[in-house]
Amino acid sequence: MTDELSIRVERSFTAISPESWSRLSGASKACSTLAYNPFVSHAFLSSLEESGSATAETGWLGHHLLLETDGGELIGALPGYLKSHSQGEYVFDHGWADAFERAGGRYYPKLQCSIPFTPAIGPRLLVAEGLQRLPIQSAIAESLKEVVRRLGISSAHITFVPDEEIGVFEMDGYLHRTDQQFHFINDGYANHDEFLETLASRKRKALRKERRAALENGISIDWLTGRDLTERIWDQFFKFYMDTGGRKWGRPYLTRKFYSLIGERMADDILLVMAKRDGRYIAGAINFIGGDTLYGRHWGCIEDHPFLHFEVCYHQAIDFALAKGLKRVEAGAQGEHKLARGYLPVTTHSAHYVAHAGLRRAIGDYLARERADVEQMSELLSEHSPFRKGERQQED
């Protein structure tokens, strides 16, 4: 980092100017260096805090790293949170925390540099449009370690890092962790039927049968975006979210106010896939629309119907991506069941700085074995792809 630059930690995202943030590549549709990612937009991040979803009270205290010139111009950033637990992250380190604390250490608080409750790949080392990326990214990565030392905390964790950024962290001595998701890759298909033609015959027939069965009992599907996203619609979707979130996590992460805020600030970046029966909505899934990717997030229902989850979350997402010319669908964390529906295994990356030398060494040894296991599993799953031989290769 040069003498002309300085790092600042901002605890409240709402204190960061939307105008200055919009100049960071990937965070705005106006920037062209990276495809727009809605999760690093000012609208999304500020809504998480203002709604009470990601706050000190919920264990997500803002610690956003801002790289600025002497004149106060924002040229780089890394969203971050000081955390008192490991919930809502989707890259699990509970075992690390338990081991360190059994040995007499203090794992929490830790610094989590991610998008709260969002297991989606996206830029983390944000750089202002038009500037050389690598020097600024390296300065942010190095500064993050200094922030950890200054705070006297155990570690910093940067999750769902894109392929082009993980090398920056590795060069700066961060530990590298891999995991796996399943993404649909658009190979230029004109429609869903053309995509299905690339599958093995048995798989193609099974999916067509599944889609027909999902819409039995008089169920229809609506795509809602933009002005369709009224408060009445959000009320209905929030019921779905609370039902499924309460059963899955015990306490859902997002507040009702969050949906009102994103509906007000970024409605054109949101797609609700809603299932209707007998004149009322009975299930729905929320998706976010990026520059070249559709990001599936969570779903919920108030009626159970066979295959409806697959239709609403996976098949309809593919339909929308093909209709809009998007290159990819990211359908969230885990889920080998996605493979049979045309979603291929993709390696995800995270970077970890651990201050304690002994813990760092132990975790490093573990991660070397884990990376080998992830690679082996990806190869195994790719062999069971539904595509005809030679149609698709594994996505790395």
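**Exercise 1. Find where Pro109 sits and what kind of peptide bond precedes it.**

Step 1: Pro109 is in the loop between helix 3 (94-102) and strand 6 (110-113). Helices here are DSSP runs of H or I with at least four residues, strands are E runs of at least two, and both are numbered from the N terminus.

Step 2: Tyr108 and Pro109 are joined by a cis peptide bond, with omega about 5°.

Before you go on, keep the ground rules in mind. This is a predicted model, where local features need pLDDT of at least 70 and side-chain atom pairs count only at pLDDT 80 or more, while totals for chains, interfaces and linings use all residues. Residues are numbered from 1 along each chain as its sequence is written, and side-chain values use heavy atoms, with hydrogens and water left out.

**Exercise 2. Place two non-glycine residues with positive phi, and decide whether each is buried or exposed or in between.**

Step 1: Take Tyr90 to begin with. Its phi is near 75°, a positive value in a residue other than glycine, and Tyr90 belongs to the loop between strand 5 (81-83) and helix 3.

Step 2: Check the accessibility of Tyr90. The cut-offs are under 20% relative accessible area for buried, over 50% for exposed and partly exposed in between, with a 1.4 Å probe and protein chains only. Tyr90 has 15%, so it counts as buried.

Step 3: Now do Phe307. Here phi is near 70°, again positive in a non-glycine residue, and the loop in question runs between strand 13 and helix 10. With a relative accessible area of 38%, Phe307 is partly exposed.

**Exercise 3. Pick apart the nonpolar cores.**

Step 1: Set the term. A nonpolar core is a set of buried Ala, Val, Leu, Ile, Met, Phe, Trp, Tyr and Cys residues joined through side-chain atoms within 4.5 Å.

Step 2: Look at the largest one. It has 75 residues, and Trp21, Tyr259 and Ile262 have the most contacts inside it. Helix 4 (residues 133-151) gives the most to this core, seven residues.

Step 3: Zoom in on Ile262. Leaving aside residues up to four places away in sequence, Ile262 touches Phe44, Ser47, Trp234, Ala267, Ile270, Ile286 and Phe288; contact means heavy atoms within 4.5 Å.

Step 4: Don't miss the other core. Apart from the largest core lies one of 37 residues, including Phe195, Leu271, Ala285 and Val312.

**Exercise 4. Work through the salt bridges.**

Step 1: Count them. The whole structure has 24 salt bridges, each being a side-chain nitrogen of Lys or Arg within 4 Å of a carboxyl oxygen of Asp or Glu.

Step 2: Try Arg211 and Glu311, whose side chains meet at 2.7 Å, N to O. Arg211 lies in helix 7 (residues 201-214) and Glu311 in helix 10 (residues 308-324), so this bridge ties together parts that are 100 residues apart in sequence. Both ends are buried: Arg211 has a relative accessible area of 16% and Glu311 has 1%.

Step 3: Move to Arg256 and Glu231, a bridge of 3.0 Å, N to O. This pair links helix 9 (residues 256-265), home of Arg256, with helix 8 (residues 231-249), home of Glu231, and the two residues are 25 apart. Arg256 is buried at 18%, whereas Glu231 is partly exposed at 42%.

Step 4: Finish with Arg149 and Glu142, which form a salt bridge of 3.9 Å, N to O. Arg149 is partly exposed at 42%, and Glu142 is partly exposed at 33%. Glu142, Lys145, Glu146, Arg149 and Asp172 are linked in a network of salt bridges.

**Exercise 5. Describe the lining of the second largest pocket.**

Step 1: Find who lines it. There are 24 lining residues, with Ile121, Pro162, Glu164, Arg328 and Glu330 nearest the centre. On a 1 Å grid over the protein atoms alone, a pocket is an open set of points where a 1.4 Å probe fits, with protein on both sides within 12 Å along at least five of seven lines, and lining residues have an atom within 4 Å of a point.

Step 2: Assign the elements. Helix 5 (163-171), strand 13 (293-301), strand 14 (328-333) and strand 15 (344-354) each give two or more residues to the lining. Strand 15 has the largest share, three residues.
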